[in-house]
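Student: Could we go through this model together, with each answer argued from the coordinates? I would like to begin with the overall fold and then turn to particular residues.

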Amino acid sequence: MTDRVYPSAKPNGTATTAPTATAANPNAAPIKNQMYNNPNRIPYRPTPTAYHRHNRRRCSCRRCFCMCCFWTILSICIILLLAAIAGAIFYVLYHPQRPAFSISSLKISNFNLTTTTDDITHLTAKLNLTLSTKNPNKKLIYNYNTIAITALSNQVVLANGSFPGFTSSPSNITIIHSTLSMVSQVLDADSVSSLKSDLKRKAGLPVTILMDTMLVVKMDKLKSKRVGIRVTCEGIHGQTPKGKAPAVASTNNAKCKVDLRIKILKWTF
């Protein structure tokens with residue numbers, strides 16, 4: 001039996017292969033691998049620069065500023081809440097009320113308008129005022145300083161006076177007598193015209209009484225700071241006296257209003 005001879009897979013003769021680029025040119029750069037498509041590639045992380053460090057510092061300062069603002073606002077809110085609670089407790093315990101004032105009588109003893117040769121008008125007036133003040137509280141004591149009293153007619157000052165300070169006990173009524181006077185006060189033309197016009201009215205001269213003072217409130221062992229008050233009494237009308245007898249002003253419609261005058265810096269409320 002004869003053996004079969006199979007042809008070789010390689011072609012006859014010496015096989016020549018094409019020279020590679022490295023063999024052809026040893027100085028050529030190697031071909032780059034597909035490094036950007038490699039999933040195991042470590043990402044590039046640039047080193048932090050001065051700009052990044054500056055941004056971090058700015059963020060830190062901003063965070064500190066925000067925290068300071070937050071705690072400041074929170075502290076103010078807590079203080080206001082505690083003050084409101086304390087005020088509510090004080091109101092429930094003492095139920096404070098403002099003092100009440102009322103005009104009992106006003107007598108005009110003297111009222112003269114004199115004009116000199118150089119056309120200057122002087123006012124001389126004298127008024128006797130009687131009023132009462134009541135402390136409507138049951139547990140609060142009012143300590144008044146000296147009361148400054150001014151009588152006006154349409155913003156024209158007629159007379160001034162005062163009353164010494166006193167203490168008003170709970171549920172107490174105090175009667176105030178004061179003499180208001182003005183001697184040879186120079187008036188401008190507008191004031192003179194306003195007074196003469198009001199004197200011709202049937203109801204008489206409208207008079208407003210202003211009282212300014214400071215008071216201290218006492219409650220048990222506690223004591224407040226001095227608080228300014230202004231009392232405004234309106235609805236008073238009077239005639240000038242005819243002869244030596246004083247003219248009694250009408251006070252039936254007189255009403256007095258008490259306002260607190262609290263000074264904050266240079267502002268008065």
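The questions and answers below concern a predicted model.

Student: How many helices and strands does the chain have, and what percentage of its residues count as buried?

Tutor: Since the model is predicted, what follows describes computed coordinates. The secondary structure of the chain comes to three helices and 14 strands. Of its 269 residues, the share that counts as buried is 26%.

Student: Among contacts with a separation of 6 or more, what share comes from residues 24 or more positions apart?

Tutor: Contact here requires heavy atoms within 4.5 Å. Counting the contacts in the chain with a separation of 6 or more, the share from residues 24 or more positions apart is 66%.

Student: Which strand gives the largest share of the largest nonpolar core?

Tutor: The largest nonpolar core has 41 residues, and those with the most contacts inside it include L127, I149, L158 and M211. Seven residues of this core, its largest share, come from one element, namely strand 8 (residues 205-219).

Student: Which cysteine does M211 touch, once residues up to four places away in sequence are not counted?

Tutor: M211 is one of the residues with the most contacts inside the largest nonpolar core. With residues up to four places away in sequence left out, M211 touches F101, L131, I147, A148, I149, I229, R230 and V231, and the cysteine it touches is C233.

Student: Which two cysteines form a disulfide, and which parts of the chain does the pair tie together?

Tutor: A search of the whole structure finds one disulfide, and it is formed by C233 and C256, whose sulfur atoms are 2.0 Å apart. Because C233 lies in strand 10 (residues 227-238) and C256 in strand 12 (residues 255-261), the pair ties together parts that are 23 residues apart in sequence, those parts being strand 10 and strand 12.

Student: Is that disulfide right-handed or left-handed?

Tutor: The sign of the torsion about the S-S bond is what decides the matter for C233 and C256. That torsion is about 110 degrees, so the disulfide is right-handed.

Student: Which of C233 and C256 is buried, and which is partly exposed?

Tutor: Buried means under 20% relative accessible area, and exposed means over 50%. The relative accessible area of C233 is 0%, so C233 is buried. For C256 the value is 24%, so C256 is partly exposed.

Student: Which cysteine has the sulfur nearest to C66, and how far away is it?

Tutor: C66 is partly exposed, with a relative accessible area of 45%. A disulfide needs two cysteine sulfur atoms within 2.5 Å, and C66 is in no disulfide, its nearest cysteine sulfur being that of C69 at 6.6 Å.

Student: Where does N253 lie, and which residues is it in contact with beyond its neighbours within four places in sequence?

Tutor: N253 lies in the loop between strand 11 (247-248) and strand 12, and it is exposed, with a relative accessible area of 61%. Leaving aside neighbours within four places in sequence, N253 is in contact with E234 and G235.

Student: What is the phi of D119, and why is its sign worth noting?

Tutor: Most residues other than glycine have a negative phi. D119, in the loop between strand 1 (100-115) and strand 2 (121-134), is not a glycine, yet its phi is positive, near 65 degrees.

Key
Residues are numbered from 1 along each chain as its sequence is written. This is a predicted model: local features need pLDDT of at least 70, side-chain atom pairs count only at pLDDT 80 or more; totals for chains, interfaces and linings use all residues. Side-chain values use heavy atoms; hydrogens and water are left out. Buried means under 20% relative accessible area, exposed over 50%, partly exposed in between (1.4 Å probe, protein chains only). A nonpolar core is a set of buried Ala, Val, Leu, Ile, Met, Phe, Trp, Tyr and Cys residues joined through side-chain atoms within 4.5 Å.
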